[in-house]
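Please open the structure in a viewer and keep the selection tool at hand. The tour below proceeds stop by stop, stating at each one what to select and what is found there.

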Amino acid sequence: MIHRPELIDIVETGDGSKTLHDRHRDLHYRSTHGARQESDHVFVRGTRLHEREPPWTILELGFGAAVNFTGTVAALPDGAALNYHAVEHAPVYAENVDFHPGPAGDVAREALKQAERSGQTVHCSADDGRIELSLHLVDWSTFRHPELRADAVYFDPFGPRSDPNSWTVECFEVARDHMSPEAILGTYSAASDVKRAMFHAGFNVASAPGPGHKREVTFASLSQEALAPYDLLSRERYVEGNE
Ligand SMILES: C[S@@+](CC[C@H](N)C(=O)[O-])C[C@H]1O[C@@H](n2cnc3c(N)ncnc32)[C@H](O)[C@@H]1O
């Protein structure tokens with residue numbers, strides 16, 4: 001079911017970039033130490049998109065404040081195309097993200113406006129169709145898009161304590177079923193239960209240093225090679241051991 005967070009504030013974070021704060025649940029949509037820094041580190045650069053020939057196809061769990069979306073548009077090589085699918089079960093209002101400038105901000109706001117009117121999945125584009133954004137208004141666990149094979153998955157719900165239903169084996173299976181064989185899934189969580197769920201969903205799993213003060217973040221892929229720059233974790237340790 002779609003609901004809307006009601007008490008949302010725009011907040012400035014440690015690197016000068018902005019994110020949202022849900023006053024009702026006391027949740028920040030990105031790290032308060034640096035929203036843009038975290039987004040670049042874990043999602044845009046962490047999934048190694050820059051090593052792939054565009055067009056890029058991205059699948060995101062949690063459109064939220066559109067920081068990952070606007071950062072991905074900014075990282076696109078000149079003239080390249082982007083096909084961005086975001087799944088969101090509690091979209092914010094367009095005015096909540098009025099801090100994003102330029103065409104990426106405009107297309108994010110347009111998608112949120114249309115989503116508010118229709119209550120259904122919407123498709124918007126910018127720059128003569130070069131940037132396409134599909135906002136799927138469903139819960140991630142029910143998301144099915146048989147033709148979609150993403151080059152990267154941004155796995156970005158609130159943390160396991162706030163959004164426990166979004167970190168299950170089934171949720172990682174949904175990601176797996178929509179990824180190309182070399183694609184990387186990035187997430188900021190380093191929790192053992194999260195890594196275990198990734199292994200159970202059939203992924204190779206690796207950890208890497210986090211941004212700023214964060215010690216560690218996690219990457220998963222169906223390809224071990226894709227994770228070569230990171231520290232591969234032992235499946236036995238997480239699945240059969242007691243890590
Ligand atoms: C950490 S915020 C996302 C931040 C966003 N990616 C950004 O860059 O601004 C988490 C978002 O995930 C959404 N979410 C959490 N669990 C979800 C689920 N199971 N299905 C769809 N959306 C979910 C929340 O409603 C929230 O908007």
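**Stop 1: arginine 48**

Select arginine 48 and display its contacts. Beyond residues up to four places away in sequence, this arginine touches Ile184, Glu225, Ala226, Leu227, Pro229 and Tyr230. The model is a predicted one, and every value on this tour is to be read accordingly. Arginine 48 is placed in the loop between α1 (35–44) and β4 (56–61). Is this residue buried or exposed? Its relative accessibility is 17%, so arginine 48 counts as buried, the cut-off being under 20%. Next, draw a distance between the C-alpha atoms of arginine 48 and alanine 226: they are 178 residues apart along the chain, yet separated by 8.7 Å. Alanine 226 is also one of the residues that arginine 48 touches.

**Stop 2: the cis peptide in the same loop**

Move along to proline 55, which also has its place in the loop between α1 and β4. Display the backbone from proline 54 to proline 55: the peptide bond there is cis, with omega near 5°.

**Stop 3: the whole chain**

Zoom out and colour by secondary structure. The chain holds six helices and twelve strands. Its C-alpha trace spans about 50 × 40 × 35 Å along the principal axes. For 243 residues, a compact globule would have a radius of gyration near 18 Å; the value for this chain is 17 Å, which agrees. Of the 243 residues, 54% are buried.

A contact map adds to this view. Among contacts with a separation of 6 or more, 63% join residues 24 or more positions apart. The pair formed by arginine 48 and alanine 226, at 178 residues apart, has such a separation.

Now switch to a surface representation. The accessible surface comes to about 11100 Å², and carbon and sulfur atoms contribute 46% of it. If the charged side chains are coloured, 23 positive and 37 negative charges appear, and the mean positions of the two sets are 3 Å apart.

**Stop 4: helix α3**

Select residues 102–118, which form helix α3. From first C-alpha to last, these 17 residues reach 24 Å, close to the 24 Å expected at 1.5 Å a residue. Which residues of α3 are buried? They are Ala104, Gly105, Val107, Ala108, Arg109, Ala111, Leu112 and Ala115. An α-helix has 3.6 residues a turn, so residues three or four places apart point the same way. To see what covers the buried residues of α3, add α2 (67–75), β6 (122–126) and β7 (131–136), which are included in that cover. At the end of the helix, select glycine 119, which follows α3 and has a positive phi, near 65°.

**Stop 5: helix α2**

Keep α2 in view and hide α3. Seven of the nine residues of α2 are buried, so this helix is largely enclosed by the rest of the structure. The buried residues are Val67, Asn68, Phe69, Thr70, Gly71, Thr72 and Val73.

**Stop 6: two aspartates with positive phi**

Select aspartate 26, in the loop between β2 (18–22) and β3 (27–28). Its phi is near 50°, a positive value in a residue other than glycine. With 53% relative accessibility, aspartate 26 counts as exposed.

Then select aspartate 127, in the loop between β6 and β7. Here phi is near 55°, again positive in a residue other than glycine. Aspartate 127 has a relative accessibility of 41% and counts as partly exposed.

**Stop 7: threonine 32 and histidine 89**

Threonine 32 lies in the loop between β3 and α1. At 39% relative accessibility, this threonine counts as partly exposed. Apart from neighbours within four places in sequence, threonine 32 is in contact with Thr13 and Gly14. Extend the selection to serine 17: its C-alpha lies 9.3 Å from that of threonine 32, with the two positions 15 residues apart in sequence numbering.

Finally, select histidine 89, in the loop between β5 (82–87) and α3. Its relative accessible area is 27%, and histidine 89 is therefore partly exposed. Add tryptophan 140 to complete the tour: the two residues are 51 residues apart in sequence and 7.7 Å apart in space, C-alpha to C-alpha.

How values were computed: Residues are numbered from 1 along each chain as its sequence is written. This is a predicted model: local features need pLDDT of at least 70, side-chain atom pairs count only at pLDDT 80 or more; totals for chains, interfaces and linings use all residues. Side-chain values use heavy atoms; hydrogens and water are left out. Helices (H or I, at least four residues) and strands (E, at least two) are DSSP runs, numbered from the N terminus. The radius of gyration is taken over C-alpha atoms; the globule rule is 2.2 Å times the number of residues to the power 0.38. Buried means under 20% relative accessible area, exposed over 50%, partly exposed in between (1.4 Å probe, protein chains only). Contact means heavy atoms within 4.5 Å. Accessible areas come from the Shrake-Rupley method with a 1.4 Å probe; for residues, only the protein chains shown count as cover. Lys and Arg count as positive and Asp and Glu as negative; His and the chain ends are not counted. The place of a charge is taken as NZ of Lys, CZ of Arg, CG of Asp or CD of Glu. The expected span of a helix is 1.5 Å times one less than its number of residues.
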